[in-house]
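Okay, thanks everyone for coming. Let me put the chain up on the screen, and then we'll walk through it.

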Amino acid sequence: MFIFNSSIGKKFIQAVSGAFLILFLGLHVTINFFSVIDSFTGKYGIAAADSKLFTAGDGLFKLGCDFMSTPVISIMVPILAAGFAIHILYAIWLTIKNIVARGGFKRYEVASKAAVDSWSAKNMFVLGIVIVAFICFHLFHFWAKMQMPELLGIGTFENNPYLLLNATFGHWYVLLIYIIAFGALWFHLTHGFWSMFQTVGWDGQIWFKRVKVIGIIVASLICLAFVVVAVNAFIQANFIMA
């Protein structure tokens with residue numbers, strides 16, 4: 001098929017699946033940032049010891065986690081995650097094909113000189129590997145203790161997400177690993193964002209510059225918010241709730 005065999009088709013699949021990644025991260029970081037807001041409203045750590053959704057008095061972050069358990073979101077998140085997975089697996093497949101076809105590690109050709117000059121563009125696969133490793137690390141800390149027990153009945157369910165935040169980010173070395181991973185994510189997103197729009201035709205001289213700036217802003221907001229959440233949890237665990 002054209003979409004799988006042509007260079008444009010391959011980039012289009014990566015662009016569409018990359019959009020799922022950005023939406024997934026946007027939803028994820030929004031919910032997580034509620035924990036920072038809770039720190040200023042005095043509700044950090046407040047979560048009722050029951051299995052009900054939206055218990056009165058719960059902190060905003062706990063309510064956000066409850067929202068993620070509602071039927072609509074429970075359907076939407078796997079779809080976004082599937083797009084995320086396709087983005088990762090397809091990138092690996094493309095890279096292997098390029099290595100075999102060209103006799104060495106080299107990113108597929110791009111039309112834009114800016115992409116060739118971009119450090120992020122030249123290292124997207126390496127950045128992707130770092131991000132995938134980080135995702136596995138992250139799933140072990142959170143998904144395995146919240147979603148997996150509910151979905152698969154494996155493990156012990158943790159109803160208080162604040163405890164997971166503190167247990168994870170309470171260690172400085174874990175915090176450092178997350179910050180490094182967020183840095184890799186920033187580089188990946190700054191290139192991926194404008195590359196996504198370039199693929200669908202927004203590559204005119206005026207719009208290309210604007211999209212690049214917008215991409216930097218979006219990537220910076222997402223990654224900075226993740227860092228703030230992690231640092232806030234570290235402070236809560238070691239200096240406020242200790």
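I'll go through the fold, then the core, then a patch on the surface.

Quick housekeeping: this is a predicted model, so local features need pLDDT of at least 70, side-chain atom pairs count only at pLDDT 80 or more, and totals for chains, interfaces and linings use all residues. Numbering starts from 1 along each chain as its sequence is written, and side-chain values use heavy atoms, with hydrogens and water left out.

So, the fold: 11 helices and zero strands, taking helices as DSSP runs of H or I with at least four residues and strands as E runs of at least two, numbered from the N terminus. Of the 242 residues, 41% are buried, meaning under 20% relative accessible area with a 1.4 Å probe, protein chains only.

Now the core. The largest nonpolar one has 42 residues, and L25, L165, F169, Y178 and L189 have the most contacts inside it. Two or more residues each come from α2, α3, α7, α9, α10 and α11. By nonpolar core I mean buried Ala, Val, Leu, Ile, Met, Phe, Trp, Tyr and Cys joined through side-chain atoms within 4.5 Å.

Who does L189 touch, leaving aside neighbours within four places in sequence? That would be L21, I22, L25, A219, I222 and C223, with contact meaning heavy atoms within 4.5 Å.

Last stop, the outside. V100 sits in helix α4, residues 71-102, and V100 is exposed, at 66% relative accessible area, where the cut-off for exposed is over 50%.
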